[in-house]
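Student: I'd like a close look at one small part of this protein, and then at how that part fits in with everything around it. Please take me through it step by step.

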Amino acid sequence: MLKLTGLHKSFGHIEVLKGVDLEVPEGSVVAIIGVSGSGKSTILRCVDFLETPDAGAITLDGRSFDAAQATKDDIQYMRRHTAMVFQLFHLFKFKTALENVTEGLTTVRKVPKAQARAQALELLDRVGLSDRVDHFPNQLSGGQQQRVAIARSLALNPKVMLLDEPTSALDPEMIAEVLEVIREVAREGRTMVIVSHEMNFVYEIADQVVLLHEGEIIEQGTPQEVFGAPKTERGRQFISRVSLTADRTVYDFDKLLSHAATVSGPTALSSPGSGRIAGVDPADQPAGVGAASIPAALSIPGSGRIAGAGPADQPAGVGAASARRL
């Protein structure tokens, strides 16, 4: 569906993207994570040509072109088939929620007004705003504004949705409502590229996770691979600072245990000193994994606790430098 090859972008003498290669299969969700300033948002902005790449190639749904030499038709093609959800919503201040959604349909897609209105009403209902269609942005909460922005993007029926930290400008209590809407969109099979700092959400929703560092991809794989078994030292440092909630960790454990057994065999599950597997009830302890076992996939440097285990269950042989903290 979407493929980036050797994408470069500099701002002045600062090279922000250093040859990024990324493939996003149709119907998949790819999450880009990393520290601020690593180039995550720049990738999305280059895809939508809000920034022009300095070098590299872009392919979308079979159409390929030199990103640095993109023609007007190339740029229009990308903007017609992608849709961006911004951090700060970017709604029209003097248009209602309904008008914000219909604007792109009537002006870009030339959809008749009656049809555009019907589509917009349906989409606003889907994101839980059927009672806010006539409200202006300043009459909506941040979470509601972002849901309008998502509805606006969906209205264009893009081949790829680009979400640039869609919850970063929201109060904590508003984040959950927006994430639930994104979950629903993902369940429909939409192709999505998401930049996010919401690690629990990324682990849950993404098919592939990309860890970007100083403009280069240093980790790439399934959530289980990237969070559970990072391959680079910088990747391990980043993941060591990730905190997943306790209820997610039990779920994580099942996947990480399976992954560790698949890629490394039984030795990947061994670490002396524990009487039980962290986060797993006694009845669910896997056969052959006993008192001297803890999954290495959960032993990530930088913490003093085993994921999902209470104080009484912390293994004696796993200390401050060997477990992910919750």
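**From one loop residue outwards**

Tutor: Let's start with V242, which is found in the loop between α9 and α10 (246-264). Keep in mind that we are looking at a predicted model. Is V242 buried or exposed? Its relative accessibility is 5%, and buried means under 20%, so V242 counts as buried. Now find E198 in your view: V242 and E198 are 44 residues apart in sequence, yet their C-alpha atoms are 9.7 Å apart in space. Contacts that bridge long stretches of sequence turn up elsewhere too: of the contacts in the protein between residues at least 6 apart in sequence, 61% join residues at least 24 apart.

Next, step back to the helix before the loop. Helix α9 covers residues 233-240, and G235, F238, I239 and S240 are buried in it. What covers them? The cover includes two helices, α7 (199-205) and α8 (223-228), as well as the strands β3, β9 and β10.

Those three strands lead us to a sheet. It is an open sheet of six strands with mixed pairing, in the order β6-β7-β8-β3-β9-β10. At its edges are β6 (82-85) and β10 (216-221), each pairing on one side only. On average, neighbouring strands here are turned by 20 degrees against each other, if direction is ignored.

Start at the β10 edge. Strands β9 and β10 run antiparallel and are joined by five bridges, with L212 standing opposite I217 in β10. The two strands make a hairpin with two residues between them, and there E214 takes a positive phi near 50 degrees. Moving inwards, β3 (residues 29-33) pairs with β8 (residues 192-195) in the parallel sense over four bridges. In that pair, I32 stands opposite V195 in β8. Packed on this sheet is helix α1 (residues 40-47), which touches β3, β6, β7 (160-164), β8 and β9 (208-213), and its direction makes about 145 degrees with that of β7.

Helix α1 deserves a pause. How many of its eight residues are buried? Seven are, so α1 is largely enclosed by the rest of the structure. The buried ones are K40, S41, T42, I43, L44, C46 and V47. After α1 comes F49, whose phi is positive, near 60 degrees.

Part of the surroundings of α1 is a second sheet. Four strands form this open sheet, in the order β2-β1-β4-β5 and with antiparallel pairing. Its edge strands, β2 (14-24) and β5 (63-66), each pair on one side only. Here, too, neighbouring strands are turned by 20 degrees against each other on average, direction ignored. Strands β1 (residues 2-11) and β4 (residues 55-60) run antiparallel, joined by five bridges, and K3 stands opposite T59 in β4. On this sheet α1 touches β1, β2 and β4, and its direction makes about 115 degrees with that of β1. So that you can place α1, remember that it also packs on the six-stranded sheet. Another helix, α2 (residues 72-81), lies across β1, β4 and β5, running at about 130 degrees to β5.

For a contrast with the enclosed α1, turn to helix α4. It has 14 residues (113-126), which at 1.5 Å a residue should span 20 Å, and its end C-alpha atoms are 20 Å apart, which agrees. Which residues of α4 are buried? They are A116, A120, L123 and L124. These four cover an arc of only 100 degrees around the axis, which puts them on the same side of α4. There is a general reason behind such patterns: an α-helix has 3.6 residues a turn, so residues three or four places apart point the same way. On the other side of α4, A114 and E122 are exposed. The cover over the buried side includes α3 (97-107) and α5 (142-155). Just after α4, G128 takes a positive phi of about 80 degrees.

Finally, zoom out to the whole protein. There are ten helices and ten strands. Of the 326 residues, 50% count as buried, and V242, where we began, is buried as well. The accessible surface comes to about 14800 Å², with 50% of it belonging to carbon and sulfur atoms.

Key:
Residues numbered from 1 in each chain as written. Predicted model: local features only at pLDDT ≥ 70, side-chain atom pairs only at ≥ 80, totals over all residues. Heavy atoms only, no water. Buried < 20%, exposed > 50% of the residue type's maximum accessible area, 1.4 Å probe, protein only. Contact = heavy atoms within 4.5 Å. Areas by Shrake-Rupley, 256 points an atom, 1.4 Å probe, with all protein chains shown as cover. Expected span 1.5 Å × (residues − 1). Arc of directions from axis to C-beta. Pairing = 2+ DSSP bridges. Axes fitted to C-alpha atoms, helices over the stretch in contact; angles between N-to-C directions.
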